[in-house]
Amino acid sequence: MSLHDRALNLPNALTVLRIFLVPLLVVVLLTRFEGHVYFGVAIFALAVLTDYLDGFFARRRNEVTRLGILLDPLAAHEYLAGILSVQA
């Protein structure tokens, strides 16, 4: 596995998008409006898709970076913390 120095690439952009979706998901789930659960599910599904695609593109296009190796688990843990905070 070679690590590229170019941090700004498609897989990392998808990971950053997933990180920015967390506050939106939390706000949507805590705000009571008609269809908020469906909107939250759509945001969560988008996050799952970006999680899959960033790994797929990083390996397929050989764009694994040190930043991506750090950000991907951070994004996953942030999502878990966000979901658990809404449920508490």
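Buried positions in helix H2 (36-60), where buried means under 20% relative accessible area, exposed over 50% and partly exposed in between (1.4 Å probe, protein chains only), are His 36, Gly 40, Ile 43, Ala 47, Thr 50, Asp 54, Gly 55 and Ala 58. The model is a predicted one, in which local features need pLDDT of at least 70 and side-chain atom pairs count only at pLDDT 80 or more, while totals for chains, interfaces and linings use all residues. Residues are numbered from 1 along each chain as its sequence is written, and side-chain values use heavy atoms, with hydrogens and water left out.

The cover over the buried residues of H2 includes H1 and H3, contact being defined as heavy atoms within 4.5 Å. His 36, which lies in H2, counts as buried because its relative accessibility is 12%. The side chain of His 36 makes a polar contact with the side chain of Arg 32 at 2.9 Å; a polar contact is a pair of N or O atoms within 3.5 Å, and within protein one must be able to donate a hydrogen and the other to accept it, with residues adjacent in sequence counting only if both atoms are side-chain atoms. Leaving aside neighbours within four places in sequence, His 36 is in contact with Val 28, Leu 29 and Thr 31. Just after H2, Asn 62 takes a positive phi of about 55°.

The chain as a whole has 3 helices and 0 strands, these being DSSP runs numbered from the N terminus (helices H or I, at least four residues; strands E, at least two). Of the 88 residues in the chain, 34% are buried, and the C-alpha atoms fill a box of roughly 45 × 20 × 15 Å along the principal axes. Among contacts between residues at least 6 apart in sequence, 82% join residues at least 24 apart.

The lengths of two helices can be set against an expected span, which is 1.5 Å times one less than the number of residues.

| Helix | Residues in helix | Expected span | Distance between end C-alpha atoms |
|---|---|---|---|
| H1 | 21 residues | 30 Å | 31 Å |
| H2 | 25 residues | 36 Å | 36 Å |

In H1 the end-to-end distance agrees with the expected span, although a kink of about 25° lies at Leu 21, shortly before the proline Pro 23; the bend at a residue is the angle between axes fitted to the seven residues ending there and the seven starting there. The buried residues of H1 pack against H2 and helix H3 (66-87).

At the start of H1, a side-chain oxygen of Asn 9 reaches to within 2.9 Å of the backbone nitrogen of Asn 12. Asn 12 counts as buried because its relative accessibility is 5%, and its side chain makes a polar contact of 2.9 Å with the side chain of Thr 65. Not counting residues up to four places away in sequence, Asn 12 touches Ala 7, Thr 65, Leu 67 and Gly 68.

The largest nonpolar core, meaning a set of buried Ala, Val, Leu, Ile, Met, Phe, Trp, Tyr and Cys residues joined through side-chain atoms within 4.5 Å, has 10 residues: Leu 21, Val 22, Leu 25, Val 26, Val 28, Leu 29, Ile 43, Ala 47, Tyr 79 and Val 86. H1, H2 and H3 are the elements that give two or more residues to this core, and H1 gives the most, with 6 residues. Leu 21, leaving aside its neighbours within four places in sequence, is in contact with Ile 43, Leu 46, Ala 47 and Tyr 79.
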